[in-house]
Amino acid sequence: MIDWFQKLGRSSLALFERLGRGGLFLMRVFAAIPSLVPRPRLVIIQLYSVGVLSMMLIVISGLNVGMVLGLQGYNTLVDFGAEESLGQVVALSLVRELGPVVAALLFAGRAGSALTAEIGLMKATEQLSGMEMMAVDPMKRVIVPRFIAAIISMPLLAAMFSAMGILGGYFVGVGLLGVDSGAFWSQMQGKVDFYEDIMNGLVKSVVFGFVAAWIAVFEGYDAVPTTEGVSRATTRTVVHTAFAVLGLDFILTALMFGSV
Amino acid sequence: MAELHDDALMVKIRDLRFAHGARVIFDGVDIDIPRGKITAIMGPSGTGKTTLLKLIGGQLAPSTGSVLVEGEDIHHVSRDDLYRLRKRMSLLFQTGALFTDLTVFENVAFPLREHTHLPESMLRDLVLMKLQVVGLRGARDLMPAELSGGMARRVALARAIALDPAMIMYDEPFTGQDPITVGVIMQLIRMLNDTLGLTSIIVSHDVHELSRVSDYMYMMAAGKIVGHGTPQELGHSGSEWIRQFMGGLPDGPVPFHYPAADYAQDLLAGVSA
Ligand SMILES: Nc1ncnc2c1ncn2[C@@H]1O[C@H](COP(=O)(O)OP(=O)(O)O)[C@@H](O)[C@H]1O
Ligand SMILES: [Mg+2]
């Protein structure tokens with residue numbers, strides 16, 4: 001029993017230590033951001049590898065999720081004769097929840113893990129040390145451009161996910177199951193509110209993007225510089241981002257939509 | 001060595017103490033690195049040669065003692081001054097530490113792009129000149145993964161001299177290279193040192209190469225300097241350390257065994273457990 005408490009104590013200490021280090025790291029990131037203003041090219045290069053290369057996965061997943069939503073939504077709605085509302089159901093689920101959350105989870109798996117592995121390997125192969133010895137701050141040259149690129153990419157990818165999902169729902173609902181096309185779009189237009197739904201969804205995706213970016217670059221920079229260390233850091237990025245996104249999603253949903 | 005005037009010293013290390021956690025790496029080390037010379041620091045693997053170079057470069061901080069680079073205490077200067085000093089020195093990592101996502105050309109161009117605002121045509125000429133020095137002008141479009149170990153080190157060397165530093169530190173430049181490459185690298189180190197008026201520090205355990213290329217040698221073991229002198233002086237000295245080192249004997253003052261409990265007791269401990 002005492003053993004158990006000891007373990008609990010030790011792991012909570014470790015957790016807080018890690019949070020503290022992550023916080024300090026974030027301060028250093030913020031302090032280095034102004035140095036990028038004259039060099040936007042560094043961010044643009046990263047936007048390609050972080051954002052553009054994640055697009056394929058997001059597009060295909062969004063389409064799939066939307067198609068499934070269309071199918072499931074139709075089967076439920078048709079019992080109440082409310083299949084006209086399919087557009088609204090699909091759009092709301094995507095814009096409010098699935099877009100930001102699933103896009104963030106996919107983003108962590110596709111781009112976050114790659115960022116951690118890349119930075120961790122640069123550390124393990126002494127490329128970061130080498131940069132420091134060349135009087136170049138790796139924070140400014142390596143970390144911050146990737147961080148910013150990830151923060152910019154995530155909301156755009158989430159929006160893309162939602163848009164593709166709506167298209168997927170349309171294909172299934174209107175194309176296959178015969179829902180009226182006009183009703184599909186007009187119900188959606190009527191019931192999806194710009195501030196309530198779209199803006200709140202956007203806020204979520206911005207928050208998730210920030211957290212995913214922070215975790216990915218921190219884990220890479222903080223990785224134990226060995227093969228094993230980098231592999232563990234990469235796993236941690238995916239797992240921690242998933243937990244953080246799901247936990248934050250509940251809190252944000254409660255604040256935004258809930259009467260909790 | 002006769003006490004040199006401070007102006008003649010590129011690096012002056014006094015009473016350096018440093019530990020990795022509980023493991024003491026340096027226990028009171030004094031080293032003088034004279035300007036314009038090649039100084040070798042020799043020691044078996046794990047004595048802290050890489051650590052020493054990182055201490056000189058200001059990447060690690062000693063627990064006590066001082067490291068003066070061109071008269072400035074590298075561990076007590078501002079960040080701007082540290083970066084200014086680092087532009088005057090280059091560290092050639094054992095692995096080369098080339099940027100794997102950049103071509104050979106871009107690797108050499110990297111410090112120039114970061115620290116100067118040269119027009120592209122001038123930058124190109126400079127990079128090609130540096131690559132020409134190490135004989136790899138033709139390899140400019142290759143990626144680091146396409147280079148042999150010796151070529152990677154030469155590219156790293158070209159990058160190290162890109163900003164015309166005053167000092168280059170070589171971390172085990174010969175280790176794992178074939179005899180021809182070793183010869184090439186030795187010749188490059190000597191040539192760069194003499195034609196560019198550099199100060200060079202080589203850390204390594206390759207005694208024979210070091211005694212051929214260096215002007216002055218330090219021997220390090222167990223956290224201390226155990227001998228120093230010109231290669232000739234060391235070759236004729238009677239020290240046991242140096243005999244073990246020069247002769248490549250497995251056991252001697254540098255023990256073969258990592259510190260451990262008594263062998264018999266250790267074996268018997270398994271019986272009673
Ligand atoms: N980051 C570190 N943490 C703990 N111990 C380390 C670390 N880096 C090196 N060491 C230990 O310090 C000693 C000296 O390392 P190093 O300077 O790399 O030796 P050398 O370059 O002479 O082979 C080694 O025994 C190594 O195990
Ligand atoms: Mg070493």
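This section describes the architecture of chain A, the surroundings of ligand 1, the salt bridges and the backbone exceptions in a predicted model.

Chain A contains 9 helices and 0 strands, and its elements, taken from the N terminus on, run α-α-α-α-α-α-α-α-α. Along the principal axes, the C-alpha atoms of chain A fill a box of roughly 70 × 55 × 30 Å, and 45% of the 260 residues of this chain count as buried. A nonpolar surface patch of about 560 Å² is made on chain A by Phe194(A), Tyr195(A), Ile198(A), Met199(A), Leu202(A) and Val206(A). Of these residues, Tyr195(A) is found in helix 8, which spans residues 194–222 of chain A, and it is exposed, with a relative accessible area of 61%.

Ligand 1 is surrounded by residues of chain B, namely His20(B), Arg23(B), Ile25(B), Ser45(B), Gly46(B), Thr47(B), Gly48(B), Lys49(B), Thr50(B) and Thr51(B). By residue class, this shell divides into 1 nonpolar, 7 polar and 2 charged residues. Strand 2 (23–34) and helix 1 (49–56) of chain B each supply at least two residues of the shell, and the largest share, 3 residues, comes from helix 1 of chain B. Oxygen atoms of ligand 1 are approached both by side chains and by the backbone: a polar side-chain atom of Arg23(B) lies 2.7 Å from an oxygen atom of the ligand, an N or O atom in the side chain of Thr50(B) is likewise 2.7 Å from a ligand oxygen, and a backbone N or O atom of Gly48(B) lies 3.0 Å from an oxygen atom of ligand 1. The protein covers 57% of the 560 Å² of accessible area that ligand 1 has on its own.

Over all chains, the structure holds 28 salt bridges. In chain B, Arg14(B) forms a salt bridge with Asp32(B), with the closest N and O atoms 3.0 Å apart; because Arg14(B) lies in strand 1 (residues 9–20) and Asp32(B) in strand 2, the pair ties together parts that are 18 residues apart in sequence. Arg14(B) is partly exposed, with a relative accessible area of 24%, whereas Asp32(B) is buried, at 11%. The side chains of Glu70(B) and Arg88(B) also meet in a salt bridge, at 2.7 Å from N to O. Here Glu70(B) lies in the loop between strand 4 (64–69) and strand 5 (72–73) of chain B and Arg88(B) in the loop between helix 2 (79–87) and strand 6 (89–92), so that this pair ties together parts 18 residues apart in sequence. Glu70(B) is partly exposed, with a relative accessible area of 23%, and Arg88(B) is partly exposed, at 36%. In chain A, Glu17(A), Arg18(A), Arg21(A), Glu219(A), Asp222(A) and Arg236(A) are linked in a network of salt bridges.

Most residues other than glycine have a negative phi. Ala135(A), although not a glycine, has a positive phi of about 65°; this residue is found in the loop between helix 5 (127–133) and helix 6 (138–176) of chain A and is buried, with a relative accessible area of 5%. In chain B, phi of Glu172(B) is near 45°, a positive value in a residue other than glycine. Glu172(B) is placed in the loop between strand 7 (167–171) and helix 6 (179–195) of chain B, where it is buried, with a relative accessible area of 6%.

Definitions and conventions: Residues numbered from 1 in each chain as written. Chains lettered and ligands numbered in written order. Predicted model: local features only at pLDDT ≥ 70, side-chain atom pairs only at ≥ 80, totals over all residues. Heavy atoms only, no water. Near = heavy atom within 4 Å. Polar contact = N/O pair within 3.5 Å; in protein donor to acceptor, adjacent residues only side chain to side chain. Areas by Shrake-Rupley, 256 points an atom, 1.4 Å probe, with all protein chains shown as cover. Helix = DSSP H or I, 4+ residues; strand = E, 2+ residues; numbered from the N terminus. Nonpolar A, V, L, I, M, F, W, Y, C, P; charged D, E, K, R; others polar. Buried < 20%, exposed > 50% of the residue type's maximum accessible area, 1.4 Å probe, protein only. Patch = residues over 30% accessible without salt bridge, like charges linked within 9 Å, V, L, I, M, F, W, Y side chains within 5 Å. Salt bridge = Lys/Arg side-chain N within 4 Å of Asp/Glu carboxyl O.
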